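Me: I have a structure to go through with you. Could you take me through its helix packing, its surface and its charged pairs?

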Amino acid sequence: MTTTLKEMDKVELVNLERLAYLLKGLSVAELETLELLLDEEASKTINQSLKELEKGEGIPIDEW
């Protein structure tokens, strides 16, 4: 087996038609959530906010 074929065995292939079908079926809220999850900086901010919330370090909305 050639090197290229061996490497292809290790790669996870994505069915682009299936992916496009799934993305078209998402609601606006689901698309926005996906965008946040794919945005590394936004994910870090959300995780930091969750940690602060768990520690009780959050700022109430009425004090913003």
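Reply: Helices α3 and α4 are roughly perpendicular to each other (angles of 65 to 115 degrees count as such). Their axes come within 5 Å and cross at roughly 90°. This is a predicted model: local features need pLDDT of at least 70, side-chain atom pairs count only at pLDDT 80 or more, and totals for chains, interfaces and linings use all residues. Residues are numbered from 1 along each chain as its sequence is written, and side-chain values use heavy atoms, with hydrogens and water left out.

Me: Which residues of α3 and α4 make the contact?

Reply: L36, L37 and L38 of α3 meet E40, A42, S43 and I46 of α4, contact being heavy atoms within 4.5 Å.

Me: Turning to the surface, which residues make the nonpolar patch?

Reply: V14, L16, L19, L23 and L31 make a nonpolar surface patch of about 430 Å². Patch residues have over 30% relative accessible area and no salt bridge, with nonpolar side chains joined within 5 Å; areas come from the Shrake-Rupley method with a 1.4 Å probe.

Me: And which helix gives the most to it?

Reply: Helix α2 (residues 16-24) does, with three residues. L19 is placed in helix α2.

Me: How many salt bridges are there?

Reply: The count is one salt bridge, defined as a side-chain nitrogen of Lys or Arg within 4 Å of a carboxyl oxygen of Asp or Glu. The side chains of E40 and K44 form it, at 3.5 Å from N to O.

Me: How far apart are E40 and K44 along helix α4?

Reply: They are four residues apart, so about one helical turn separates them.

How values were computed. Axes fitted to C-alpha atoms, helices over the stretch in contact; angles between N-to-C directions. Helix = DSSP H or I, 4+ residues; strand = E, 2+ residues; numbered from the N terminus. Parallel < 35°, antiparallel > 145°, perpendicular 65-115°, else oblique. Patch = residues over 30% accessible without salt bridge, like charges linked within 9 Å, V, L, I, M, F, W, Y side chains within 5 Å.
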